[in-house]
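Let's take a walk through this one together. Keep the viewer open and follow along.

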Amino acid sequence: DDQLVPLVTKMVKLMVLVFGLLILLPLVPVKLGSYSKLKTKIFPLHLLRTFASLSSMFCLYFALRYLPLTDAVLLSYTRPLFIPIVVFFWFQSKWTKNTYLGLLLGFMGIILILRPGIMTFNLASFSALAAAFLGAIAFTTIRRLTKTEPSERITFYYMALSLPLALIPLGARWETPTLFGWGFLVLIGGVALLY
């Protein structure tokens, strides 16, 4: 039963991507004017955003499997602490005194969550932190993309690139759901897309 959870979460992600792409494709000509407007000059940034987002989600799935839910979610919510670090190295932006103080307090909070004196640091904890760090890269990349790309193009490339990348780990452990299971996956995918 524990092995079923990661499989279901990957399948839910796949359903969200499939439904998102199916809903988005007919809207492209309406919002952008034509499919030719999907051309981009900054494809590597779209690829970076997709890779960072998917890697972040898969790291979180791994952490959820081996950590208590509260610890995994708390550690993955440290993403705002990593955004100034990513921005510092990517854009060479200066930090204010408040940024230093905020990062110091935030990382002290992470140490309290990890309780190094009580429990040893483990791979699942670092996986949750990796999810936060990769999420920070994804958010920073989205921020950079919005300067030149319309939201429809950003969403299209994310969906179109995520779908084949998400199939790779899913294909390794594929189990065909029952008709009842497909119904739930469709429902969960639709709700997640609306969210």
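Is Phe89 buried, partly exposed or exposed? Keep in mind that this is a predicted model. Phe89 has a relative accessible area of 62%, and the cut-off for exposed is over 50%, so Phe89 counts as exposed. Phe88 has a relative accessible area of 32%, so this one is partly exposed.

Now look at how those two rings meet. The ring centres of Phe88 and Phe89 are 5.2 Å apart and the planes stand at 85°, so you're looking at an edge-to-face pair. They have company, too: ring pairs tie Phe88, Phe89, Trp95 and Tyr100 together as a cluster.

While you're in this part of the chain, stop at Gln92. You'll find Gln92 in the loop between α4 (79-91) and α5 (97-114). The backbone here has a positive phi of about 50°, even though Gln92 isn't a glycine. Gln92 is also exposed, because its relative accessibility is 58% and anything over 50% gets that label.

Back to the rings for a moment. The model has 10 aromatic pairs. One of them joins Phe58 and Tyr61: their centres are 6.0 Å apart with the planes at 65°, so this pair is edge-to-face. Both residues belong to helix α2, where they are 3 residues apart, or about one turn of the helix. How do they sit relative to the surface? Tyr61 has 17% relative accessibility and so counts as buried, while Phe58, at 22%, counts as partly exposed. The line between the two classes is drawn at 20%.

Stay on helix α2, which covers residues 43-66, and find Ser55. Its relative accessible area is 16%, so Ser55 is buried. What does the side chain of Ser55 reach? Its partner is the backbone oxygen of Phe51, at 2.7 Å.

Another ring to check is that of Tyr158. The charged end of Arg49 sits over this ring, 4.1 Å from its centre.

Finish on helix α8, which runs over residues 179-194 and holds Phe184. With 41% relative accessibility, Phe184 counts as partly exposed. Phe184 also helps make a nonpolar surface patch, along with Phe180, Leu187, Ile188 and Val191. The patch comes to about 510 Å².

Note on methods. Residues numbered from 1 in each chain as written. Predicted model: local features only at pLDDT ≥ 70, side-chain atom pairs only at ≥ 80, totals over all residues. Heavy atoms only, no water. Patch = residues over 30% accessible without salt bridge, like charges linked within 9 Å, V, L, I, M, F, W, Y side chains within 5 Å. Areas by Shrake-Rupley, 256 points an atom, 1.4 Å probe, with all protein chains shown as cover. Salt bridge = Lys/Arg side-chain N within 4 Å of Asp/Glu carboxyl O. Helix = DSSP H or I, 4+ residues; strand = E, 2+ residues; numbered from the N terminus. Buried < 20%, exposed > 50% of the residue type's maximum accessible area, 1.4 Å probe, protein only. Polar contact = N/O pair within 3.5 Å; in protein donor to acceptor, adjacent residues only side chain to side chain. Phe/Tyr/Trp six-rings, centres within 6.5 Å; stacked < 30°, edge-to-face > 60°. Lys NZ or Arg CZ within 6 Å of the ring centre and 35° of its normal.
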